[in-house]
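This report concerns selected strands and helices of a single model and the contacts between them. The sequence and structure are shown first, and the description follows.

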Amino acid sequence: MKYALLLAACSAWAQNGNIIPLSAKARIELISPAAFRVQRGKLPSVARQVSVDAVERKLIESESQVRIETDELTITYERKPALLAVAIPAGLNVYQEAAASTAALHLDIKASEGIYGLGPRTETSMDARGLSFAPRTPFFLSSRGYALWLSSPMAMIDVGAASPTRLRIETTSPETLEYHFAFGPSIKEILEQRHKVIPAITTPMGPDLAMISMPRLPAAATALPKFTQTGGALLCADAAAMAHASLSGSLMPAFDIARYRSADDAVFARALRLGTFSPILYDSAPDPQPGPRSEMVEAARTQRRRLSHFLLTYADEARYRGYPVFHPLRMQFPRDPEAGRRIDAFMFGDEFLLSPVCDGAAKKELYLPMGLWTDWNTGQVHTGRRTVSIDVPQDGLIILLKNGSIVPLSGVKAGDPTELHYFPRNGGEFFLYEPEASDYSQAHAGPAAGIYRMEMESKVARRYEWVIHHMDKPVAVQEPEGPPYTETTAEGPLAPRHWRYDAARRLLHVGIDAAAHSDVIVNARY
């Protein structure tokens with residue numbers, strides 16, 4: 001009789017969207033074929049649905065278990081001992097609960113399984129395995145392709161420290177345990193699943209993406225904790241924390257330059273340089289003192305302004321896709337095991353690879369993922385999928401650009417053209433977010449049958465200057481139909497329909513003028 005009543009209840013819930021009862025004290029809600037929410041303990045009489053669209057699934061029930069099958073997952077709930085397991089269609093079990101209550105959740109983990117995220121930590125290992133601590137962020141990723149995050153407050157997590165095959169989560173919730181599960185298998189796919197259930201951020205605009213002088217942070221920002229380290233050790237801690245935060249779902253970690261004001265000039269300069277490339281840069285000092293460092297700060301403000309198009313585009317990607325602005329290598333290169341272990345470098349968007357050097361070393365042995373990488377400071381090209389020795393610039397930040405990238409840089413002065421830096425030889429594209437048009441300008445470049453083709457579909461009226469790296473001097477530069485552009489040797493920002501070749505640095509500069517909603521194509525002929 002009891003089982004018949006439970007079946008009747010399950011049938012009623014099954015007709016009510018994606019919420020499926022597992023027992024009198026547990027239920028599951030399908031969010032997508034690859035994600036779901038679990039509630040245990042004291043359940044609200046009216047379920048708060050987080051899913052929007054109906055998820056196709058097959059529900060199979062018996063005396064011993066509830067089995068839910070979607071196109072992506074098979075979720076099995078064993079009635080005794082009231083535990084969940086998740087497998088993918090290939091039959092691989094990716095998630096297994098070992099114990100569950102309103103105050104604790106214990107998971108079986110494999111000996112080779114890595115656990116990543118759990119907030120802005122300072123450890124130099126990407127993997128949290130072997131740690132036991134109170135995390136700042138109740139979100140983690142597994143190398144088995146899933147993520148789990150709690151709505152209930154997490155008091156402690158033990159990632160294989162007490163037992164190498166057990167992950168233990170203790171909560172401070174006495175009545176209800178609520179958590180979400182998402183399977184990717186890639187990190188970007190997981191973050192897209194998470195984006196379905198968390199409130200979308202508002203895209204920060206120009207003033208919020210500049211160097212903020214007041215301690216006001218946009219809602220999307222996450223301030224780093226106040227660590228106890230000082231000087232170069234603090235810079236190491238902040239750099240690691242921003243990478244860990246990004247793997248914890250923090251979309252825009254915020255870097256506070258004020259905490260380095262008591263450091264020596266060399267550390268302050270390195271901190272300022274890393275801060276310039278941070279998603280959010282601010283100065284919480286109430287009244288920064290003028291002095292010899294003011295020129296350094298003003299230079300950082302200028303560089304920050306030059307990154308405005310780039311930052312705005314990736315801030316908007318954080319809004320509509322749920323990706324952090326910093327892309328840890330594990331996220332960007334999921335098929336590269338060596339890259340996945342590294343926290344000493346991370347991607348800024350898809351184009352920049354940044355590696356901060358906080359100990360003052362003159363050289364660094366740096367692992368580069370697959371591809372060709374151009375050193376921003378020297379122009380030297382490095383082949384990836386290997387470790388290379390790189391001279392550390394004085395500002396302490398190694399900056400590499402992946403070949404095939406297009407990077408927009410605003411002009412140094414008002415009225416200067418926006419530079420579009422392209423790194424051949426692979427074709428590249430960049431979509432510039434244009435708030436006033438609620439649309440994207442699209443830059444494309446690549447080789448084609450003896451020419452290099454540059455195309456700018458601009459949604460707003462703007463002057464641009466293409467800067468093509470690693471190029472020989474062309475025979476001519478012109479639009480597909482029209483007279484050749486004028487070659488010049490004049491320095492400074494180019495006028496439209498002019499081009500200049502820098503033989504020493506092998507740079508081709510081409511100036512164009514794009515009207516709103518125009519498509520300007522220019523070919524460099526060889």
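Leu105 lies in strand β9, which spans residues 104-108. In this predicted model, Leu105 has a relative accessibility of 0% and is therefore buried, the cut-off being under 20%. Setting aside residues up to four places away in sequence, Leu105 touches Arg40, Tyr95, Glu97, Ala99, Ala100, Leu148, Leu167, Arg168, Ile169, Leu177 and Tyr179. The C-alpha atom of Leu105 is separated by 24 Å from that of Glu189, which is 84 residues away along the chain.

Strand β9 as a whole is mostly covered, with 4 of its 5 residues buried. Strand β9 pairs with β8, and the two form a hairpin with 3 residues between them. Strand β9 is also joined to β15. In the pairing with β8, Ala99 stands opposite His106 of β9; in the pairing with β15, Leu107 stands opposite Leu167.

A second region is built around strand β19 (residues 252-256), where 5 of 5 residues are buried. Met252, Ala254 and Asp256 point one way from β19, whereas Pro253 and Phe255 point the other way. Strand β19 runs parallel to β18 and parallel to β20. Ala223 has Ala254 of β19 as its bridge partner, and the chain passes from β18 through α4 to β19 in a right-handed β-α-β crossover. On the β20 side, Phe255 stands opposite Leu281. A right-handed β-α-β unit is likewise made by β19, helix α5 (residues 265-276) and β20.

The strand pairs described in this report, including one from the sheet discussed below, are listed here.

| Strand pair | Sense | Bridges |
|---|---|---|
| β8 (residues 93-100) and β9 | antiparallel | 3 bridges |
| β9 and β15 (residues 166-171) | antiparallel | 5 bridges |
| β18 (residues 221-223) and β19 | parallel | 3 bridges |
| β19 and β20 (residues 280-282) | parallel | 3 bridges |
| β23 (residues 352-356) and β28 (residues 397-402) | antiparallel | 5 bridges |

The helices of the two β-α-β units also pack on each other. The axes of α4 and α5 are 9 Å apart, at an angle of about 15°. This angle makes α4 roughly parallel to α5, and α4 passes α5 in a left-handed crossing. Where they meet, Gly231, Gly232, Leu235, Ala239 and Met242 of α4 face Val267, Arg270, Ala271 and Leu274 of α5 in contact.

The third topic is an open sheet of 6 strands, ordered β21-β22-β23-β28-β25-β26 with antiparallel pairing. Strands β21 (326-328) and β26 (381-383) are at the edges; each has a single partner strand, so one side of each is left without a neighbour in the sheet. From one strand to the next, the twist averages 35°. Within the sheet, β23 and β28 pair over 5 bridges, and Pro356 has Leu397 in β28 as its bridge partner. Helix α4 (residues 231-246) packs on this sheet, touching β21, β22 (346-348) and β23, and the direction of α4 makes about 85° with that of β21.

Which helix, then, connects the last two topics? Helix α4 lies on the path from β18 to β19, and α4 also packs on the sheet that contains β21, β22 and β23.

Note on methods:
Residues are numbered from 1 along each chain as its sequence is written. This is a predicted model: local features need pLDDT of at least 70, side-chain atom pairs count only at pLDDT 80 or more; totals for chains, interfaces and linings use all residues. Side-chain values use heavy atoms; hydrogens and water are left out. Two strands pair if DSSP finds at least two bridges between them. Axes are lines fitted to C-alpha atoms, for helices over the stretch in contact, and angles run from 0 to 180 degrees between N-to-C directions. Contact means heavy atoms within 4.5 Å. Buried means under 20% relative accessible area, exposed over 50%, partly exposed in between (1.4 Å probe, protein chains only). A crossover is right-handed if, with the strands pointing away from the viewer, the path from the first strand over the helix to the second runs clockwise. Angles under 35 degrees count as roughly parallel, over 145 as roughly antiparallel, 65 to 115 as roughly perpendicular and the rest as oblique. A crossing is left-handed if the near helix is turned anticlockwise from the far one by less than a right angle, and right-handed if clockwise.
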